[in-house]
Amino acid sequence: MDPKADNSSKSFTAEINLEKLQKIAAELILPGRFILRPLNAALEFVTGLLAWVLGCSLVRRHFHLMLSGLVLFGPVLSFWVSKYSIFANGNHYLYRKFLRSTWGWTCLLAGSFVVVLSFSARRSVPLTLRHLSRVGLAGLLWWGCRRLLTLLEDAAGACYEPLAPAGDAQSSAAPAQPLLLLHQDQTKASCLRANMMWRGYEVSQETLILCLCCLLLVEELSVFGRHLAQERRSHRSPGAPLRALFLLCVVLLFLWMALLLCLLAYFPAWPAQQLGGALGYLGWRGLYQGWYRLTPAQGSPGLPGEGLFTGTDSAKHSH
């Protein structure tokens with residue numbers, strides 16, 4: 001048998017198999033396109049609408065007032081909510097998986113959004129890192145506040161161990177009050193781990209971080225509308241990953257607001273929650289309304305969107 005004819009027949013068979021694979025792949029991709037096309041259109045519509053809402057001046061300038069009203073008057077809802085609701089259980093899934101790692105979720109999603117948005121707008125690594133540093137500075141502020149509040153709570157409180165009183169014939173008619181044995185040199189964490197009572201002044205760290213994360217997300221997400229406008233002028237469209245990140249951040253914002261409302265309604269603690277909300281507001285005020293408004297020469301990372309868009313667009317949307 002001629003080896004050349006054998007080789008030609010093998011190559012012909014390989015070409016036929018390749019053509020079959022291409023036809024099969026085209027048949028599989030075609031239904032996927034019909035499915036992805038409406039999903040992509042829905043994603044563009046929803047993200048465009050949310051970007052317009054978060055980017056309008058009414059929301060950007062007055063969101064902190066709405067959040068302050070929620071913190072101040074949210075505990076009033078405790079008179080109407082049911083104590084048998086699933087949200088009245090402190091071990092609920094949302095509290096365990098999200099509330100205890102609020103900053104982790106915010107840092108992950110907001111940081112990813114800032115990186116993808118900044119790099120897709122300017123393709124500059126130093127500029128992207130400068131904008132990402134805003135999230136890092138907010139995390140450093142949260143770490144410092146948590147450490148300081150823990151030290152203040154340990155210094156201002158005391159640990160007590162409840163003791164059952166001895167039986168007394170004269171007081172048998174009245175319910176006996178438990179005696180409290182003072183334990184010195186105990187921190188709040190060690191006291192609660194030992195199933196003892198801690199009494200003292202405290203600030204709600206959950207309310208603090210929820211308020212800070214809500215304000216941070218609104219600030220960072222408010223520039224997405226400007227990015228969409230710039231992409232339209234350039235006859236480009238932001239990719240689906242960036243839009244999906246934006247949508248996830250908006251969902252996270254609504255989740256934090258819902259958890260904050262649940263804490264205020266089902267676990268009211270006046271004035272610890274209000275003090276926590278005030279500290280979260282002051283942290284946002286000091287960063288986004290103070291430090292971030294300075295120039296880069298003064299050690300400021302800049303406001304969201306600074307240096308990413310055209311000069312006319314930046315002036316139009318300036319705070």
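How are H5 and H7 oriented to each other, roughly parallel or roughly antiparallel? I would like to begin there, keeping in mind that what we have in front of us is a predicted model.

Helix H5 covers residues 125–156 and helix H7 covers residues 205–221, and the two pack with their axes 11 Å apart, at an angle of about 165°. Since angles over 145 degrees count as roughly antiparallel, H5 and H7 are therefore roughly antiparallel to each other. As for handedness, H5 passes H7 in a right-handed crossing.

Let me stay with H5 and look at what lies on either side of this helix. In the loop between helix H4, which is residues 102–122, and H5 we find Arg123, a residue other than glycine that nevertheless has a positive phi, near 55°. Is Arg123 buried or exposed? Its relative accessibility is 54%, and because the cut-off for exposed is over 50%, Arg123 counts as exposed.

On the other side, Gly157 sits in the loop between H5 and strand S1, the strand of residues 158–163. Gly157 has a relative accessible area of 19%, and since buried means under 20%, this glycine is classed as buried. If you look for Glu202, which is 45 residues away from Gly157 along the chain, you will find that the C-alpha atoms of the two are separated by 8.3 Å.

Now to helix H8, residues 224–233, which is mostly covered, with seven of its 10 residues buried. The buried residues of H8 include Phe224, Leu228 and Ala229, but also Arg226, His227, Gln230 and Glu231. After H8 comes His235, and here phi is again positive, near 55°.

Further along the chain, I would point you to the loop between helix H9, residues 240–266, and helix H10, residues 272–288, which is where Pro271 is placed. The peptide bond that joins Trp270 and Pro271 is cis, with omega at about 0°.

Trp270 brings me to my last topic, the surface. Together with Leu72, Phe73, Val76, Leu77, Phe79, Trp80 and Leu261, Trp270 forms a nonpolar surface patch, and the accessible area of these residues together is about 970 Å². One member of the patch, Phe73, belongs to helix H2, which spans residues 57–73. With a relative accessible area of 58%, above the 50% that exposed requires, Phe73 is exposed.

How values were computed:
Residues are numbered from 1 along each chain as its sequence is written. This is a predicted model: local features need pLDDT of at least 70, side-chain atom pairs count only at pLDDT 80 or more; totals for chains, interfaces and linings use all residues. Side-chain values use heavy atoms; hydrogens and water are left out. Patches are made of residues with over 30% relative accessible area and no salt bridge: like charges are joined within 9 Å, nonpolar side chains (Val, Leu, Ile, Met, Phe, Trp, Tyr) within 5 Å. Accessible areas come from the Shrake-Rupley method with a 1.4 Å probe; for residues, only the protein chains shown count as cover. A salt bridge is a side-chain nitrogen of Lys or Arg within 4 Å of a carboxyl oxygen of Asp or Glu. Helices (H or I, at least four residues) and strands (E, at least two) are DSSP runs, numbered from the N terminus. Buried means under 20% relative accessible area, exposed over 50%, partly exposed in between (1.4 Å probe, protein chains only). Axes are lines fitted to C-alpha atoms, for helices over the stretch in contact, and angles run from 0 to 180 degrees between N-to-C directions. Angles under 35 degrees count as roughly parallel, over 145 as roughly antiparallel, 65 to 115 as roughly perpendicular and the rest as oblique. A crossing is left-handed if the near helix is turned anticlockwise from the far one by less than a right angle, and right-handed if clockwise.
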